Amino acid sequence: CLDEGVLQCQSNIERNAQDENSQTNWKRETGRDAVIAIVLWMLVVAGRSLTMTCLQTTLDFWSGLHIVLFSMSTGTLLSACHLLVYLARGMKTVAEHLVFLLCSSTAIDTADIKDDWKIILACMRSTSRCM
């Protein structure tokens, strides 16, 4: 899933979201999303662990291993989902910046905007292939 196109999207997004306010909002939103995802992940793993220990009278090696493997697999899935949300929010930021440029400027350089839009479309294709 993490082909070169997806990994290149981040640098393209950072380069095209030239407005400092846009980058700050993007990083704040993705940071908030990461914190929420980690808290939810911890609650799910803790709930699963608590349920397993309540159902069993003793905690043996295999049940401990099961909890560890469960937490690793859900953590991996959560990381992949966060990457996709991170890229989607970045593409939204760049699209908002392009719309702002189209609405606010009188002298529009359409070649630059077309190039930026092609970059966004390439990122969208790479991200959708991951899904």
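In this predicted model, R32 and D33 form a salt bridge in which the closest N and O atoms lie 3.9 Å apart. This pair belongs to a network of salt bridges that links E29, R32, D33 and R89. A search of the whole structure finds three salt bridges. The protein chain that carries them has four helices and zero strands.

**Salt-bridge network**

- R32 is partly exposed, with a relative accessible area of 46%, whereas its partner D33 counts as buried at 16%.
- D33 also meets R89 through their side chains, in a salt bridge of 2.6 Å from N to O. This pair links distant parts of the chain, with D33 in helix α2 and R89 in helix α3, 56 residues apart.
- R89 forms a salt bridge with E29 as well, at 3.2 Å from N to O. Because R89 lies in helix α3 (residues 61-104) and E29 in helix α2, this pair ties together parts that are 60 residues apart in sequence.
- R89 itself is partly exposed, with a relative accessible area of 22%. The cut-off for a buried residue is under 20%, so the 22% of R89 does not meet it.

**Surroundings of E29**

- E29 is placed in helix α2, which covers residues 20-55.
- With a relative accessible area of 18%, E29 is buried. The value satisfies the limit of under 20%, and E29 therefore falls in the buried class.
- Which residues does E29 contact, leaving aside neighbours within four places in sequence? The contacts are R89 and K92. One of these, R89, is also a salt-bridge partner of E29.

**Overall architecture**

- Read along the sequence, the protein chain follows the pattern α-α-α-α.
- The protein chain has 131 residues, of which 28% count as buried.
- Among contacts in the protein chain between residues at least 6 apart in sequence, 76% join residues at least 24 apart.
- The accessible surface of the protein chain comes to about 8,800 Å², and 66% of that surface belongs to carbon and sulfur atoms.

**Nonpolar surface patch**

- V35, I36, V39, L40 and L43 make a nonpolar surface patch of about 470 Å².
- V39, one of the patch residues, lies in helix α2.
- V39 counts as partly exposed, at 42% relative accessibility. Patch residues need over 30% relative accessible area, and the 42% of V39 therefore meets that requirement.

**Aromatic pair**

- The structure contains one aromatic pair. F61 and W62 form this pair in an edge-to-face arrangement, 5.1 Å from centre to centre and with 75 degrees between the planes.
- The angle of 75 degrees is to be read against the cut-off of over 60 degrees for the edge-to-face class.
- Are F61 and W62 buried or exposed? F61 is exposed, with a relative accessible area of 58%, and W62 is exposed, with a relative accessible area of 60%.

**Loop between α2 and α3**

- L59 lies in the loop between α2 and α3.
- L59 is exposed, with a relative accessible area of 55%. The class of exposed residues begins over 50%, so L59 belongs to it.
- Not counting residues up to four places away in sequence, L59 touches T53 and G64.

**Cysteines and disulfides**

- How many disulfides does a search of the whole structure find? The search finds zero.
- A disulfide is a covalent bond between the sulfur atoms of two cysteines.
- C54 counts as exposed, at 60% relative accessibility, while C81 is partly exposed, with a relative accessible area of 40%.

Methods. Residues numbered from 1 in each chain as written. Predicted model: local features only at pLDDT ≥ 70, side-chain atom pairs only at ≥ 80, totals over all residues. Heavy atoms only, no water. Helix = DSSP H or I, 4+ residues; strand = E, 2+ residues; numbered from the N terminus. Buried < 20%, exposed > 50% of the residue type's maximum accessible area, 1.4 Å probe, protein only. Contact = heavy atoms within 4.5 Å. Disulfide = S-S within 2.5 Å. Patch = residues over 30% accessible without salt bridge, like charges linked within 9 Å, V, L, I, M, F, W, Y side chains within 5 Å. Areas by Shrake-Rupley, 256 points an atom, 1.4 Å probe, with all protein chains shown as cover. Salt bridge = Lys/Arg side-chain N within 4 Å of Asp/Glu carboxyl O. Phe/Tyr/Trp six-rings, centres within 6.5 Å; stacked < 30°, edge-to-face > 60°.
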